[in-house]
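Q: I am new to this structure. Please take a close look at its salt bridges.

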Amino acid sequence: MCKDHADTHDTRHDSAIARRGLLVTGAAAALTLSTVSFANAAPSGPAGTPVPSGSSGADGNGSGEQTRTVRGTLPPGSPDFVHLPVEVPRGVREIHVAYSYERPAMPAGTQGNALDIGIFDERGTQLGGKGFRGWSGGARTEFFLRADAATPGYLPGPVNAGTWHIALGPYTVAPQGLAYEVTITLKYGTPGETPKPVYPPERAKGRGRAWYRGDCHIHSVHSDGKRTPAEIAALARAAGLDFINTSEHNTHSAHSAWDGLWGDDLLILTGEEVTTRNGHVVALGMDGGTFIDWRYRARDNRFGHYAREIRRAGGLVVPAHPHATCIGCNWKFGFGDADAVEVWNGPYTVDDEVSLADWDNTLVSAARSGRPWTPAMGSSDSHRDPDPIGTPQTVVLADDLTRDAIVAGIRAGHSYVAESSAVSLTFGAAGGRGKHAGIGDRLRVGADEPVTVRLDVTGAPGCTTHFVTDQGTLHTTTLPESGTGTVEWRTTPAYATYVRAEVRHAPKTPGLPGALAAFTNPVFLGTTE
């Protein structure tokens, strides 16, 4: 889960840094180290010293390999990204990179070392440019790229001559600095053929207009998850899901990893978890092959641009776990560019309760003013066993099981969130002369006209139901022991400008709310004039 995001990073870097200069790219600052050369006489620098090792180089037949090792230390306060240029000559078939860094034990309350890693090819490191070739964060200690294959998280493709850049991301740095070592090996030979990527189809069989269950935030071996795409697809089917969204940290390498895993019963959407230093955003349901850059902070004023990039690719902008406590997880960009917000992330915890309350507060002004509101959703953020897939899941009313229909349903707020496929809800409001509104809609009746709110629940034994309005929780009922029941409540738009439903387990701590079993997006009541 992203709630243990810090656990996926190691610690790394040094004091004296050889550099060409501090490069401010219009976003997060980047430091560039001395260039690593694979000429016969490798240059050296005061901070990172290339050390020849391994074989002596390519033989007369264009095969063989060369290795250089760079060592250095990054001080506290280092930029978000440190670039290590590597001059790649012609004839290279494969690049292999391995790295390590010191991880000293630190007293409680003091940051240790954590160093991420990725790579950009000869097309450069420009923000939003075409040079991105992969990122593994702190999840791997080595990776390779060649034309016909690459480590998960990285993109297969030509190894062209030119200046490549290994990107180091000092996530946290201990007070004594982050000592690191990077070893680059170039393997020479005839390159293979780059396979044409195959992306999942945008349509599954579906049931026409219906409620479809999905998990939109899942990690595989293509970032810091431990499951393969095949394992995830099997678990999604076992969880009763109709769709999933692939959402790896800062890479789109998994978009083409699902060949043969989709089917009439499972729609696979392609996305990314854009993991910045000021919060994470799930880019949901983008065109296959779309990459969204993450190298900026809130102060850089770049998020709006990349939110528009997500939408241009047909996707949704969904801030993830906005109140999570892991370093870099707390959301700092505001919600003006959000299409939905991930209120419930994984097994229900205190930070989810805070996210739910914060989201509910945004509904009050939207309900009374008629301004746009931001729907809520939930996802598992599952990484590895025993993290379940589909806990929670977003249940979407969509015209069919297609990418466009699912995205439209989430954007409109025609959805609720449930802890599993065992829990089902039907929720709506009726009033006036036969008028009815469902989840995410508005019941347009006069301010003093009576309104009947109705909730049908199945699969929630031992739970209570709660009707929440702009005035707080106004109606609570205990469900029958079977967990199946119907609850009705009467109000007026003058008394409640919106109503949403919650289904909660019994509290484990007296005086505190129980964990959610399900909740809905609101039904708005009355006109806005």
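To set the scene, how many residues does the protein have, and what percentage of them count as buried? Then go through the salt bridges.

A: This is a predicted model, in which local features need pLDDT of at least 70 and side-chain atom pairs count only at pLDDT 80 or more, while totals for chains, interfaces and linings use all residues. Residues are numbered from 1 along each chain as its sequence is written, and side-chain values use heavy atoms, with hydrogens and water left out.

The protein has 529 residues, and 57% of them count as buried. Buried means under 20% relative accessible area, exposed means over 50%, and partly exposed lies in between, using a 1.4 Å probe and protein chains only. The protein contains four helices and 30 strands; these are DSSP runs, numbered from the N terminus, with helices being H or I of at least four residues and strands being E of at least two.

Now the salt bridges. Side chains of opposite charge can pair when their charged atoms come close. Here a salt bridge is a side-chain nitrogen of Lys or Arg within 4 Å of a carboxyl oxygen of Asp or Glu. The whole structure holds 25 of them.

One of these joins R277 and D80, whose closest N and O atoms are 3.4 Å apart. R277 sits in the loop between β14 (267-276) and β15 (279-286), and D80 in the loop between β4 (64-74) and β5 (81-88), so this pair links distant parts of the chain, 197 residues apart. R277 counts as buried, at 14% relative accessibility, and D80 also counts as buried, at 9%.

Another salt bridge is formed by the side chains of E202 and R403, at 3.7 Å from N to O. E202 belongs to the loop between β11 (178-188) and β12 (210-218), and R403 to helix α4 (residues 403-412), so the pair ties together parts that are 201 residues apart in sequence. E202 is partly exposed, with a relative accessible area of 43%, whereas R403 counts as buried, at 9%.

R209 forms a salt bridge with D399, and their closest N and O atoms are 2.5 Å apart. Because R209 lies in the loop between β11 and β12 and D399 in the loop between β19 (393-398) and α4, this pair ties together parts that are 190 residues apart in sequence. R209 counts as exposed, at 53% relative accessibility, and D399 counts as exposed, at 52%.

Finally, salt bridges also form a network, which links E353, D360, R500, E502 and R504.
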